Amino acid sequence: MDEAFFRATYERYWSRLYSICYFTIGSREAAEDTVTEVFISLWNNRDRQVIENMDHYLVRAAKNLSLKYLIRQQKMDAALLRMVDTLQDHHRHSQPERPLEVKEIRAMAHRTLESLPEKTRAIYLMNREDGLTYQQIAEKTGLSVKSVEYHVSRALRALSQSLLVVLLELSSHHSGTI
């Protein structure tokens, strides 16, 4: 595969692969990154493999990398939530006389939610405050269930990261260390 063939392949397939990745992931940025990853892999392995059906190869690669992305995101979300739970447990056990400052945590949650894109915030609130399922939100908004999952996951990740910062700050204020 020479550079001209690679460039022609890129131009021919980029939009299609982006559509596949976006439909699967639900994020423009992540879909673009995933398509880029497909083409980087294609270029890096150009001398090691013979591709008989480029269309099939690229579509399969885009689907596989999109699914891997979703799995990584789920694992990261779960790890962040476990970390927050661990920090909360540690704080409760190390300072039982001082409950977590609920006011600070609520303020952090409010600030974090306000900083999210409107669509992400609205979807998160429909799920968490209104109690709607992902399917119900998808029907109400016209989005795919995967897009709804992405937005809720994005909000949870932002809230988890903010909560982690607040817990670390509280921990360092109360113990003098981080």
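This passage walks through the predicted model, from the overall fold down to one tyrosine in helix 1.

The fold is simple to summarise: the chain has seven helices and zero strands, so named in sequence order it reads α-α-α-α-α-α-α. Of its 178 residues, 38% count as buried. The accessible surface comes to about 11200 Å², with 53% of that belonging to carbon and sulfur atoms. As for contacts between residues at least 6 apart in sequence, 66% join residues at least 24 apart.

Confidence is uneven along the chain. The mean pLDDT is 80, and 77% of the residues reach 70 or more. Helix 1 comes out highest, at a mean of 91, while helix 7 (residues 145–175) sits lowest, at 75.

Turning to the interior, the largest nonpolar core holds 17 residues, and the members that touch the most others are Leu17, Val38, Phe39 and Leu58. Three helices each put at least two residues into this core: helix 1 (3–25), helix 2 (28–44) and helix 3 (54–94). Another core, made up of seven residues, lies apart from this one, and Met126, Leu132, Ile137 and Ala138 are among its members.

Leu58 shows what the packing in the largest core looks like from one side chain. Once residues up to four places away in sequence are set aside, Leu58 touches Thr9, Tyr13, Leu17, Val38, Phe39 and Leu42.

Helix 1 itself deserves a closer look. Its buried residues are Phe6, Thr9, Tyr13, Leu17, Tyr18, Ile20, Cys21, Thr24 and Ile25. The helix is also bent, with a kink of about 45 degrees centred on Tyr13. Just past the end of helix 1 comes Gly26, which takes a positive phi of about 90 degrees.

That leaves Tyr13, the residue at the centre of the kink. Tyr13 has a relative accessibility of 6%, and because the cut-off for buried is under 20%, it counts as buried. Beyond its neighbours within four places in sequence, Tyr13 is in contact with Phe39, Met54, Asp55 and Leu58. Met54 lies 41 residues from Tyr13 along the chain, yet their C-alpha atoms are separated by 9.5 Å. The contact with Leu58 shows up from both ends, as Tyr13 is also listed among the residues that Leu58 touches. Phe39, another contact of Tyr13, is likewise one of the residues in touch with Leu58.

Terms used
Residues are numbered from 1 along each chain as its sequence is written. Side-chain values use heavy atoms; hydrogens and water are left out. A nonpolar core is a set of buried Ala, Val, Leu, Ile, Met, Phe, Trp, Tyr and Cys residues joined through side-chain atoms within 4.5 Å. Buried means under 20% relative accessible area, exposed over 50%, partly exposed in between (1.4 Å probe, protein chains only). Helices (H or I, at least four residues) and strands (E, at least two) are DSSP runs, numbered from the N terminus. Contact means heavy atoms within 4.5 Å. pLDDT is the predictor's confidence in each residue, from 0 to 100. Accessible areas come from the Shrake-Rupley method with a 1.4 Å probe; for residues, only the protein chains shown count as cover. The bend at a residue is the angle between axes fitted to the seven residues ending there and the seven starting there.
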